[in-house]
Every structure is written in structure tokens, then in C-alpha cells.
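The following paragraphs lead the reader through one protein model, moving from its interior to its paired strands and charged groups. Please keep the sequence and the structure in view while reading.

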Amino acid sequence: MTAGSVRVDSWTWAVRLFKTRSAAAAACRGGHVRVNDAPAKPSQPVKVGDEVRVRVAGAERIVRVTQLLAKRVGAPVAAQAYEDHSPPSPPKEILASIPRRDRGTGRPTKRDRRELDRLRGLLE
């Protein structure tokens with residue numbers, strides 16, 4: 001680790017992209033964190049100017065590092081440590097219109113799958 005770099009798991013935790021450092025490290029190991037379009041291990045160094053892509057809760061955050069932080073800081077200071085280039089999230093109306101199965105109903109039956117395919121226009 002050079003003087004001008006910080007571990008990616010530590011930095012993403014410090015700027016509050018993850019609640020815990022262990023969650024940040026787990027996301028790195030799971031392939032949900034990319035630095036300059038390359039998969040990042042938790043110990044990969046991050047420098048000022050690097051682009052970090054983080055997938056959290058189904059949404060992708062794209063941030064450019066402007067300041068190195070190794071320790072967790074308050075939200076206003078953390079917001080100044082990066083530039084957010086994330087695409088805007090879809091409107092709530094679109095998210096609400098996506099059909100979802102009720103929790104606990106199990107896998108769809110063959111009849112349910114046929115109805116879903118018919119609804120999607122895959123079957124006639």
C-alpha cells in the first residue's frame with residue numbers, strides 16, 4: 001500500500017457506501033465492487049481519480065474518488081470524498097408496476113409459468 005492509496009473495502013465503508021467494513025469486504029469477494037472496470041479484492045488499493053462501481057440492493061452506484069479516507073467519518077464529510085456519477089433510479093411507479101410473487105408462495109407451478117409466459121407474450 002502506497003502513501004497515496006487506501007484499501008477499497010476500507011474506503012467504501014468510510015464513505016458510507018456500506019454499513020460495515022465486513023459487508024464491504026464481502027461485497028468485494030462476491031464481485032459486487034469494481035475499480036476502474038476490474039473486479040476488486042478487498043485489499044486492492046484505491047487512489048484519487050479512480051472510478052469505483054458498487055452494486056448495493058440491486059442498484060449500481062458509480063463514484064469517482066476525490067479524497068482518500070481510511071476511517072469512517074460523518075455523512076457530510078463522506079459526501080465530499082467522492083463524485084457521484086450513478087444513473088438515476090427508476091421512478092417508483094415503474095418499480096411498483098413490476099409483478100411480484102407473494103413471499104412464501106413457493107416456486108411457480110407449471111400452470112403459473114404458462115400464465116406468466118402468456119402475460120409476457122411468449123405463448124399464444
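Leaving aside residues up to four places away in sequence, Val-46 touches Gly-4, Ser-5, Val-6, Val-8, Val-35, Val-52, Val-65 and Leu-68. The model in which these contacts appear is a predicted one. Val-46 belongs to strand E4, which comprises residues 45-46. Is Val-46 buried or exposed? Its relative accessible area is 0%, and a residue counts as buried when this value is under 20%, so Val-46 is buried. A contrast to these contacts is offered by Ala-59: it lies 13 residues from Val-46 along the chain, and the C-alpha atoms of the two are separated by 22 Å.

Helix H2, formed by residues 21-29, also has a buried side. Which residues of H2 are buried? They are Ala-24, Ala-25, Ala-27 and Cys-28. These four lie on the same side of H2, because they cover an arc of only 160° around the axis. A general property of helices helps in reading this pattern: an α-helix has 3.6 residues a turn, so residues three or four places apart point the same way. The buried residues of H2 pack against two elements, helix H1 (8-14) and strand E2 (33-35). On the face turned away from the buried side, H2 carries the exposed residues Ser-22 and Arg-29. After H2 comes Gly-31, which has a positive phi near 85°.

The strands may be considered next. Strand E5 (residues 51-56) and strand E6 (residues 59-65) run antiparallel and are joined by 6 bridges. Val-56 has Ala-59 in E6 as its bridge partner. The hairpin of E5 and E6 has 2 residues between the strands, and in this hairpin Ala-57 takes a positive phi near 55°. E6 also pairs with strand E7 (residues 82-84), again in the antiparallel sense, over 3 bridges. Here Val-65 stands opposite Tyr-82 in E7. Val-65 is also one of the residues that Val-46 touches.

The charged side chains complete the picture. How many salt bridges does the structure hold? There are 8. One of them joins Asp-9 and Arg-21, whose closest N and O atoms are 3.5 Å apart. This pair links distant parts of the chain, since Asp-9 is in helix H1 and Arg-21 in helix H2, 12 residues apart. The two partners differ in accessibility: Asp-9 is buried, with a relative accessible area of 2%, whereas Arg-21, at 37%, counts as partly exposed.

Other salt bridges involve the paired strands. Arg-53 forms a salt bridge with Glu-60, with the closest N and O atoms 3.6 Å apart. Arg-53 is partly exposed at a relative accessible area of 22%, and Glu-60 likewise counts as partly exposed at 36%. Asp-84 forms a salt bridge with Arg-61, and here the closest N and O atoms are 3.3 Å apart. This pair, too, links distant parts of the chain: Asp-84 lies in strand E7 and Arg-61 in strand E6, 23 residues apart. Both are partly exposed, Asp-84 with a relative accessible area of 43% and Arg-61 with 28%. Which residues are joined into one network by salt bridges that share partners? They are Asp-37, Glu-51, Arg-53, Glu-60 and Arg-64.

How values were computed:
Residues numbered from 1 in each chain as written. Predicted model: local features only at pLDDT ≥ 70, side-chain atom pairs only at ≥ 80, totals over all residues. Heavy atoms only, no water. Buried < 20%, exposed > 50% of the residue type's maximum accessible area, 1.4 Å probe, protein only. Arc of directions from axis to C-beta. Contact = heavy atoms within 4.5 Å. Pairing = 2+ DSSP bridges. Salt bridge = Lys/Arg side-chain N within 4 Å of Asp/Glu carboxyl O.
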